[in-house]
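Trainee: Before we look, could you take me through the terms used for a protein model and show me what stands behind each of them?
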Amino acid sequence: MKKIAVFAGSFDPFTLGHLDVVQRAAKLFDTLWILVAQNSSKRNMFSAEQRKGFVETAVQKIPNVRVASFEGLTVDFMRQVGAQYLVRGIRNSSDLDFEQSVAWNNKALYGDAESVFLLSAPEHLSVSSSVVRELLANGVKKKTTLSKFVPGSIINEIVRKKGDR
């Protein structure tokens, strides 16, 4: 049986921390789906289509990674693609507390959902989409600054799309 996993998030935008988790998870599973969540109650800086495009560009060289966007419960997407595993990145104890409760709920909704927690690499502990959004909102466009937080393959696209809004 193929091991299929889902790594879900808003990825607003996709960061080096996300990419690190994807690269490591791709080695553990036959197929890794990156699910760009669409949550109508959440105000994102970038549209779901833009976020999906950023992710596709950033992971294009990882052969067993697929990217999709989905509006609804992650466990419903997992059922749709036959996934048994949900990958989550953990930076600190707050992330662990939150993700633990989400994992229990996912297990209750979809008994086949097994959560796999990957600890952030030390160099990515302070990397978050929130930090990137704050930098962009305050006019930071320097590639040297953004390259500490965002994959180089998508920096120009993020800066350009931010300017389009």
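What follows is a conversation about the terms used for this model.

Mentor: This is a predicted model, in which local features need pLDDT of at least 70 and side-chain atom pairs count only at pLDDT 80 or more, while totals for chains, interfaces and linings use all residues. Residues are numbered from 1 along each chain as its sequence is written, and side-chain values use heavy atoms, with hydrogens and water left out.

Trainee: How do you know how many helices and strands the protein has?

Mentor: Helices and strands are DSSP runs, numbered from the N terminus, where a helix (H or I) needs at least four residues and a strand (E) at least two. By that rule the protein has seven helices and five strands, and from the N terminus on they run β-α-β-α-β-α-β-α-β-α-α-α.

Trainee: What makes S4 and strand S5 a pair?

Mentor: Two strands pair if DSSP finds at least two bridges between them. Six bridges join S4 to S5 (residues 114-119), and the two run parallel, so the condition for a pair is met. One of the bridges sets Val-87 against its partner Val-116 in S5. On the S1 side, three bridges join strand S1 (residues 4-9) to S4 (residues 85-90), again in parallel, and Val-6 stands opposite Leu-86 there.

Trainee: Which bridge partners show the pairing of strand S2 with S3?

Mentor: Leu-35 has Ala-68 as its bridge partner in S3, and Val-36 stands opposite Ser-69. Altogether six bridges join S2 (residues 31-37) to S3, which run parallel.

Trainee: In what order do the strands lie in the sheet?

Mentor: The five strands form an open sheet in the order S3-S2-S1-S4-S5, with parallel pairing. S3 (65-70) and S5 are called edge strands because each pairs on one side only. Neighbouring strands are turned by 30° against each other on average, direction ignored, where axes are lines fitted to C-alpha atoms, for helices over the stretch in contact, and angles run from 0 to 180 degrees between N-to-C directions.

Trainee: Why is the unit of S4, helix H4 and S5 called right-handed?

Mentor: A crossover is right-handed if, with the strands pointing away from the viewer, the path from the first strand over the helix to the second runs clockwise. S4, H4 (residues 93-109) and S5 make a right-handed β-α-β unit, and S2, helix H2 (residues 48-59) and S3 make a right-handed one as well.

Trainee: What is the volume of the largest pocket?

Mentor: On a 1 Å grid over the protein atoms alone, a pocket is an open set of points where a 1.4 Å probe fits, with protein on both sides within 12 Å along at least five of seven lines, and lining residues have an atom within 4 Å of a point. The largest pocket has a volume of about 1,100 Å³, which is the space filled by probe spheres set on the points, with grid points joined across faces, edges and corners. Its lining has 42 residues, of which Ala-8, Gly-9, Ser-10, Arg-88 and Glu-99 lie nearest the centre, and H4 gives the most, with eight residues.

Trainee: How do you know that the radius of gyration agrees with a compact globule?

Mentor: The radius is taken over C-alpha atoms, and the globule rule is 2.2 Å times the number of residues to the power 0.38. With 165 residues, a compact globule would have a radius near 15 Å, and the protein has 15 Å, so the two agree.
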